[in-house]
Amino acid sequence: MVLPLRLLLATLLVALALGAPSEQGLIFNLDTGELCLQSAQCKSGCCQRDSGLSLARCSPKAAETQDCSLKSLYGVYYKCPCESGLSCDADWTIVGSITNTDYGVCYDKRDPTTSR
Amino acid sequence: LLYIWSNNPFLGSSSEVCYDRLGCFTDDIPWSGTAERPIYRLPWSPEKIDAQFFLHTKENGNSYQVRTNVRMLTVEDVNCIAVSWKKGARCQYTQASNNVRVVGAEIAYFVNVLDQYSYSPANVHIIGHSLGAHVAGEAGKRRPGIGRITGLDPAQPYFQDTPIEVRLDKSDAEFVDVIHTDTAPTIPNLGSSLLDTCCLFFFCYGNIALPTKDLLSAALVSIHLFTGTKDFVACNHLRSYKYYSDSIVYPDGFLGYACGSYDAFKVSCFPCPSGGCPNMGHYADKFKGKTSDSFVKLYLNTAEAKDFPLWRYQVSVKLSGSTKVTGYVNIALYGDDGNTRQHQIFQGSLKPDNTYTAFVDAEHKVGKVTKVKFLWNNSVLNPTLPKLGAATVTVQFGETGEV
């Protein structure tokens, strides 16, 4: 009885290992440079395009002192939101949120040396 | 013009063709009939191959085909000559790899003509991609004393394991450097470059697992659909000249670390020795000890999309805190010349007082490091709200070894 149980456990573990998310995805878990429709598809969490007519690709999020935009519901950005721990110093405006152009610069709230 | 040819390419009774200016070409061993080159082929005539030389200079910088040429003119005043032999290359692979000999002879002939204008071959630098790398090798073999040959991912089939007179090799020029981006075996991986050529060897991104893109993204990688499809077919193979092109603009962004293998490079071979690391690409000839050792393997990582240079740092983080948590640690570097993104140092079980070390290939050279920022997050929700900090963070820059 013990042996089949162990066998079952082993196959389960193997199945889990095989089923683990792969490095590269086709629809989700996309690498930088791959085409995307939504930020949720990207590993980096940002689906970015340069203009309204260009194709969107996964890009890294904005580092400190880089340009950024506020998180939007569109899920596609002209400028990526900031990395975790950082804030985008843009002001929220109605027009900006509709046209997806609430731009700013990433800064660290808790860092006394960088003032807004 | 003398022309003797056994019609069946597999029969291979040794035959020979001779052309004015360039001399004779046989299909004897080692050119054909060996295990590496089983099919007998003679190179086509120079007229049929129709090699053309396109000159670009600073005065006449109209950009024709080769981007590298134009970029080079932004940093120095040179005569850039693009050698086109497309008629000789758009044919069966076995034929094209023999046409290489005629094109190499044409270049050697041209260098000889320059010699009559008392222009030393030491001033000549031949850059060849794929089959073109062996064209450069052939030219160098025929005209000794050429200053430098750069092989960008030399083609593998019909050249790997052949004698040095057939392929690119360190004896073909005073200084030979090779960039490998695609060294997986041809079958089954369709890799197409050559392993054991010579001198300074650069392996980018572990040479096999180059970041490739999925089918659609690769096909549409730029607005130019043509370059897109090119990338899809030969993404890895074509990376080599893109790196070279970028290296012209970023002289210190492609340092090669001497190491035994890529796996060793991922954990050690850091920082550069006191003499410095060789630069991959355009500035490889600046490496001081360049001809002291005949065979140096150098490894480096490059970025996955455009603007390929990366600057390698080693970062060690000693954690402080009270409880063990599961999560990840990110570090961002700040210096005189800007700051980097957050780079993951470690992921898994984080124990206070443990030290975690990792290499960071940063997308910016930050200059003198003035501060670092530390950020961690847990992978699962933890209602006890644990706190974690970094007691010490050590950063070592690969180029100078500075801590």
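Buried means under 20% relative accessible area, exposed means over 50%, and partly exposed is in between (1.4 Å probe, protein chains only). I'm writing that down before looking at any cysteines.

I'm working with a predicted model, where local features need pLDDT of at least 70, side-chain atom pairs count only at pLDDT 80 or more, and totals for chains, interfaces and linings use all residues. Residues are numbered from 1 along each chain as its sequence is written, chains are lettered from A and ligands numbered from 1 in the order written, and side-chain values use heavy atoms, leaving out hydrogens and water.

I searched the whole structure for disulfides (a pair of cysteine sulfur atoms within 2.5 Å) and got seven over all chains.

I looked up Cys42(A) next: a disulfide joins this residue to Cys58(A), S to S 2.0 Å. The torsion about their S-S bond is about -80°, so this disulfide is left-handed. Both Cys42(A) and Cys58(A) turn out to be buried.

Then I checked Cys46(A), which is bonded to Cys80(A) at 2.0 Å, S to S. I got -85° about the S-S bond, another left-handed link. Cys46(A) is buried at 0% relative accessible area, and Cys80(A) is buried too, at 7%.

My third pair was Cys68(A) and Cys88(A), also with S to S 2.0 Å. Here I noted 100° about the S-S bond, making the link right-handed. Cys68(A) is buried at 0% and Cys88(A) is buried at 15%.

I also peeked at chain B: Cys80(B) is buried at 4%, while Cys91(B) is partly exposed at 25%.
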